[in-house]
Amino acid sequence: MYFIIQDGMIEEVEESEWKKSEDAIGIFTVEEWKKQLELNNNHYFNQQHDSVHFCKLECHAEYLYGTLCILDKVNLKKSTGFAFYIQEGRIIFIDDTGFVSASVENIAKIRKRREYSMERFLYDFLLLLIENDLQHLITLEREISKIEEEVLIRKSENFNGRMSIIKKEIARLYRYYSQLSDVGEGLTENENDYFAKNDITTFKVFTDRVTRLRSEALVLREYAMQVQDVYQSEISIRQNDVMKVLTIVTTIFLPLTLIVGWYGMNFKYMPELKWEYGYPVVILLCITVVMIGIWIFKNKKFW
């Protein structure tokens, strides 16, 4: 697909017009790009585009080369990757996913300015990569807050599994924003002077937005760690409660163990062995000992 920016509009054109136009946008699949021998030979486009796993921007003598790996906010294991070349007045995308063509068509529909330029288009395109990310971060924050409330009322289920998923997502977003920030800084530097100096500020605005998102992700990561600490504290408190109950029960029944051991010796001259009321008296003694122990613990507010 071939587009040009003209009179503040993005218009789809034929290949012949695209090649001779300024402010041109080209979108190719990997197989289509391999057939563009003239472009590749004239400008030394010799990068590999088959596998894209992260965002980067490289400065070469004839062009800027970059890759963008867009995260899927629903499926953590899924992402959309594509490559691009930037020259003065021209951007070429190599994309097999259809993401770029759909994005360019959306921008063409909603972005209309009198002085629309390649820099403004690239800025609008980059903004699409983080369009709903703030809302996604807010959703993650609410999920962490919900888990925290469940921990405090001791009704959390599968805490480690849920928190592990959230922490992995936050770490993934943090890396993503760090990479996008590097891309934005590379565009702002404008090392090859491909962009008009008046429009360079748009890339700085994008970089600032990504930096704020990265800061939000960092805050969320710290929040998740705090909730995990709260959960561990609650586990410790529960264990302490269990140990406290066991200690109280052991302390109360320890005198009974002494009584049983005492009267289990069966010496010949123990007077209680042949006493008619020995058994009932020992039972009463044990009950009295237990009641006294319970009263002492309640009076001392240990129970």
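**Figure 1. The residue after helix α9 in the predicted model.** Lys301 follows α9 and has a positive phi, near 60°. The structure shown here and in the other views is a predicted model.

**Figure 2. Helix α9 (residues 278-299) and its two sides.** The helix has 22 residues and spans 31 Å from its first C-alpha to its last, close to the 32 Å expected at 1.5 Å a residue. Its buried residues are Gly278, Cys286, Val290, Gly293 and Phe297. Because these residues cover an arc of only 115° around the axis, they lie on the same side of α9. They pack against α8 (200-263). Leu284, Met291, Trp295 and Lys298, on the other side of α9, are exposed.

**Figure 3. The open sheet of seven strands.** The strand order is β2-β1-β3-β7-β6-β5-β4, with mixed pairing. β2 (9-12) and β4 (56-59) are the edge strands, and each pairs on one side only. From one strand to the next, the twist averages 20°.

**Figure 4. Pairing of strands β6 and β7.** Strand β6 (residues 79-87) and strand β7 (residues 90-94) run antiparallel and are joined by five bridges. Opposite Ile86 stands Ile91 in β7.

**Figure 5. Helix α5 (residues 118-129) on the sheet.** This helix packs on the sheet and touches β1 (2-6), β2, β3 (24-28), β5 (64-71), β6 and β7. The direction of α5 makes about 30° with that of β7.

**Figure 6. Helix α7 (residues 159-189) across three strands.** Helix α7 lies across β4, β5 and β6. It runs at about 155° to β5.

Methods:
Residues numbered from 1 in each chain as written. Predicted model: local features only at pLDDT ≥ 70, side-chain atom pairs only at ≥ 80, totals over all residues. Heavy atoms only, no water. Pairing = 2+ DSSP bridges. Helix = DSSP H or I, 4+ residues; strand = E, 2+ residues; numbered from the N terminus. Axes fitted to C-alpha atoms, helices over the stretch in contact; angles between N-to-C directions. Contact = heavy atoms within 4.5 Å. Expected span 1.5 Å × (residues − 1). Buried < 20%, exposed > 50% of the residue type's maximum accessible area, 1.4 Å probe, protein only. Arc of directions from axis to C-beta.
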